[in-house]
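Welcome! Here are some exercises to work through with the sequence and the 3D view side by side. Try each task before you read its solution.

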Amino acid sequence: MDRLDNTIRPYAWGSPTAIPHLLGVEPTGEPQAEMWMGAHPGAPSRTDRGTLVEVIDADPEKELGPAAVARFGPRLPFLLKILAAGAPLSLQVHPDLEQAKEGYADEERRGIPVDAPHRNYKDANHKPELICALTEFDGLCGFRDPLQAAGLLDDLGVASLKPYVDLLHAHPEDAALREVLTAILTADPEEMSRTVAEAATACTRLGGAYAPYADIAHHYPGDPGVIAAMLLNHVRLQPGEALYLGAGVPHAYLNGLGVEIMANSDNVLRCGLTPKHVDVPELLRIVRFQPSDPGVLRPEASPDGEEVYETPIDEFRLSRYVLPEAGTAHDLTRPTPQILLCTAGTVRAGEHDLTPGRSVFVPAGEKAEVSGTGTLFRATVVA
């Protein structure tokens, strides 16, 4: 197995302290948002044998296993991250696989450069993802019941929100949500900025359930995404709890430290809380306008101590081991590629001692025995 040297991305919303604290190093003073573990070409992990991209490209079947290559092609199909949100991320959705293929092909035909700021589809893959909390973790996930959203907006006492409140009482629910989100994102920018300012003042005054939206407005003053965010469920995860985010589900991470895993894609359609491009027509094509419960996931324990976060897709499978005794060994050998990540204590993985934030890549079929006292996350595929 290969010890991984991983890149930390300094996005502006990142916490300056959470990842350094996990790693046991001094903060630099700069935001540290995500640590990437995998073979994404944008920031591949490094090993003694070269980057993980180079290692896999040299012999895909040996590194990934024949079943994974047959199912997903000669590349690692997932990207594992440690995510540290110190401020809200953009409100966003991801396409399903068919939409991603269509969107990518269309933008390729139109000659839009992949790095163009108005490009929506960086690749032809979907991007389902799972976030598992390491600390208390706040996020937004899926649409509220429209009547609940109407009550939340109405209680702010902001006159310019009244048309949205009325729309949310209409039927059917999906049409009501579509109309309101469309109206929010296409409103006159100056009028919307004034509405957001009034709403932010009311959220600050009311506190309680409104506190998350006051904080969002503090970071993104005047952004229509502040009002759009109030259409969504607010979720607070406790350590060990997770959220699965499928195609078309609007979401945003607000604050906290977590382990995130996703299909290896960069495809994002933004709804707000960002200075980046918002393609309203394409966004409205992708969003699933269905009220839903956020569906907080708790791991399912197996007899060997593995706790699995069940999801409906095969590009990734995330589980964890909470190892209570240093003398007990666990055999994690699988016919598929794995990344093992320590988040607490000290775990011995093969010949490597892993402390929090450290990880290894285990090629398919490679002997993987772990022991120690701590918490170990295991990322692999279903093939």
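**Exercise 1.** How far apart do the end C-alpha atoms of residues 3-144 lie, and what percentage of the span is helix and strand?

*Solution.* Begin with the ground rules. Residues are numbered from 1 along each chain as its sequence is written. This is a predicted model, where local features need pLDDT of at least 70 and side-chain atom pairs count only at pLDDT 80 or more, while totals for chains, interfaces and linings use all residues, and side-chain values use heavy atoms, with hydrogens and water left out. Now find the two ends: their C-alpha atoms are 43 Å apart. Next, the make-up of the span is 27% helix and 25% strand; helices (H or I, at least four residues) and strands (E, at least two) are DSSP runs, numbered from the N terminus. Last, the UniProt record, an unreviewed entry, lists residues 3-144 as "domain: Phosphomannose isomerase type I catalytic"; such annotations may be inferred rather than shown by experiment.

**Exercise 2.** Find the strands that bridges join to β12, and explain how enclosed β12 is.

*Solution.* Strands pair here if DSSP finds at least two bridges between them.
- Step one: β6 (residues 78-85) runs antiparallel to β12, with 8 bridges, and Ala85 sits opposite Gly256.
- Step two: β8 (residues 129-133) is also antiparallel to β12, through 5 bridges; there, Ile131 has Glu260 as its bridge partner.
- Step three: β9 (residues 137-143) is joined to β12 by 4 bridges, again antiparallel, and Gly139 faces Tyr253.
- Step four: β12 covers residues 251-263, and because 12 of its 13 residues are buried, the strand is largely enclosed by the rest of the structure. Buried means under 20% relative accessible area, with exposed over 50% and partly exposed in between (1.4 Å probe, protein chains only).

**Exercise 3.** Describe the largest pocket and the second largest pocket.

*Solution.* On a 1 Å grid over the protein atoms alone, a pocket is an open set of points with protein on both sides within 12 Å along at least five of seven lines, a cavity is a set where a 1.4 Å probe fits but cannot get out, and lining residues have an atom within 4 Å of a point. The volume is the space filled by probe spheres set on the points, which are joined across faces, edges and corners.
- The largest pocket holds about 970 Å³. Its lining counts 41 residues, and Tyr11, Trp13, Ser90, Arg270 and Lys276 are the closest to its centre.
- Two or more lining residues come from each of β3 (34-38), β6, β12 and β13 (269-272), with β12 giving the largest share, 5 residues.
- By class, this lining has 19 nonpolar, 9 polar and 13 charged residues. Ala, Val, Leu, Ile, Met, Phe, Trp, Tyr, Cys and Pro count as nonpolar, Asp, Glu, Lys and Arg as charged, and the others, Gly among them, as polar.
- The second largest pocket has about 160 Å³, and its lining includes Ala39, Asp57 and Asn264.

**Exercise 4.** Inspect the cavity of the structure.

*Solution.* There is 1 cavity of 30 Å³ or more. The largest cavity has a volume of about 40 Å³. Leu91, Phe143 and Cys271 are among its lining residues, and the lining has 7 nonpolar, no polar and no charged residues.

**Exercise 5.** Why does Cys141 form no disulfide?

*Solution.* A disulfide is a covalent bond between the sulfur atoms of two cysteines; the cut-off is a pair of sulfur atoms within 2.5 Å. The closest cysteine sulfur to that of Cys141 belongs to Cys271, 13 Å away, so it is too far for a bond. Cys141 is buried, at 3% relative accessible area. For Cys203 the closest cysteine sulfur is also in Cys271, at 18 Å, again too far. The whole structure has 0 disulfides.
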